[in-house]
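Hello,

I'm passing a structure on to you, as promised. Please open it first, and then read my notes alongside.

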Amino acid sequence: VYEGCVNNKFSRLFFVSFLALFLELLLIRYLAVEIRFFMFFKNFVLMAAFLGLGLGIGNARKSSSVFGIYPPLAVLVPIAVFAQELNINLGFLPTADNSFIWYSWLNFDAGKELLAVFTSCLGLTLLVAMVFFPLGQVIGRLLMELPPARSYAWDLCGSIAGVAAYSATAFFGWSPKFCMILALIAAIPLISGRRLKLAAAAITFSLAVVVSCFNAVPSWSPSG
């Protein structure tokens, strides 16, 4: 399971913990801008990350790979990029068309529409949890195999480094789309198996094309 380019288990724990915290903060920032549901309910991304990591750690004895983050991100990122075209934001835009959410939700037809809106958004929340599930599995397996005190120290240091790296990108106003592609490129050495690495590289390239060619945002503030 741990036959990637980063073979030392302590180093793997550091980098996977780094990746988990970096992606968590990155998705909180990015999704809140692109998908209005997460702008109103920012804690949902945080809770989804905790859910995914927790479930992953609870299933740490099963086969795990960092590659597991790529398929859900391959779905989540294009949805975020094309959120307007997919009408995901329609219910949360300040127009008369979405008044059913705030003023007439007790009406049966409005209630059905409201249910459809929130069901799709909760589906996206579960998709976020799926991103963090494999990371939780890898972290949990490494914590089981390594000495408790030292493994916790490496896990903590990786988490702090991930927060610091995210803070630096936010301070300099880097686009979270660009940062996500960098994170996916950096995660490839953590993947075992040539085929999975090639698949991860192909997904990363495809996402880079999508985020660079569509719905481009020229600059980002530290808050998004």
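Below is what I found in it, starting with the overall build and moving on to particular places.

First, please keep in mind that this is a predicted model. The protein has nine helices and zero strands, so if you follow the chain from the N terminus, the order of elements reads α-α-α-α-α-α-α-α-α. Of its 224 residues, 46% are buried.

**Salt bridges**

How many salt bridges does the structure hold? There are two.

In one of them, the side chains of E145 and K9 come together, with 2.8 Å from N to O. E145 belongs to helix α6 (residues 108-145) and K9 to helix α1 (residues 9-34), so this pair ties together parts of the chain that are 136 residues apart in sequence. E145 is partly exposed, because its relative accessible area is 37%, a value between the 20% and 50% cut-offs. K9 also counts as partly exposed, at 33% relative accessibility.

K177 forms a salt bridge too, with E34 as its partner and 3.7 Å between the closest N and O atoms. Here K177 sits in helix α8 and E34 in helix α1, and the pair links distant parts of the chain, 143 residues apart. Are these two residues buried or exposed? Both K177 and E34 are buried.

**Around helix α8**

Helix α8 covers residues 176-187, and you will meet it again in the way the helices pack. Helix α4 (residues 70-81) packs with α8 at an angle of about 165 degrees, and their axes are 13 Å apart. That angle makes α4 roughly antiparallel to α8, because angles over 145 degrees count as such. The crossing of α4 and α8 is left-handed.

Helix α8 also has a part in a nonpolar patch on the surface. Which residues form this patch? They are F171, F172, W174, F178, L182 and I185, and together they have about 680 Å² of accessible area. Helix α8 supplies the largest share of the patch, with three residues. F172, for its part, is found in the loop between α7 (148-171) and α8. With a relative accessible area of 58%, F172 is exposed, because the cut-off for that word is over 50%.

**Two contacts between distant parts of the chain**

F22 is a residue of helix α1, the helix that also holds K9 and E34. F22 counts as buried because its relative accessibility is 7%, and the limit for buried is under 20%. How far apart are F22 and A164 in sequence and in space? They are 142 residues apart in sequence, while their C-alpha atoms are 8.5 Å apart.

The other contact involves L196, in helix α9 (residues 194-213). L196 is partly exposed, with 33% relative accessibility. Its C-alpha atom is separated by 9.7 Å from that of G68, although their positions lie 128 residues apart along the chain.

If you would like a place to begin, try helix α8: look for K177 in its salt bridge with E34, then for the packing with α4, and then for the nonpolar patch on the surface.

Enjoy looking around, and write back with any questions.

Best wishes

Technical notes. Residues are numbered from 1 along each chain as its sequence is written. This is a predicted model: local features need pLDDT of at least 70, side-chain atom pairs count only at pLDDT 80 or more; totals for chains, interfaces and linings use all residues. Side-chain values use heavy atoms; hydrogens and water are left out. Patches are made of residues with over 30% relative accessible area and no salt bridge: like charges are joined within 9 Å, nonpolar side chains (Val, Leu, Ile, Met, Phe, Trp, Tyr) within 5 Å. Accessible areas come from the Shrake-Rupley method with a 1.4 Å probe; for residues, only the protein chains shown count as cover. A salt bridge is a side-chain nitrogen of Lys or Arg within 4 Å of a carboxyl oxygen of Asp or Glu. Helices (H or I, at least four residues) and strands (E, at least two) are DSSP runs, numbered from the N terminus. Buried means under 20% relative accessible area, exposed over 50%, partly exposed in between (1.4 Å probe, protein chains only). Axes are lines fitted to C-alpha atoms, for helices over the stretch in contact, and angles run from 0 to 180 degrees between N-to-C directions. Angles under 35 degrees count as roughly parallel, over 145 as roughly antiparallel, 65 to 115 as roughly perpendicular and the rest as oblique. A crossing is left-handed if the near helix is turned anticlockwise from the far one by less than a right angle, and right-handed if clockwise.
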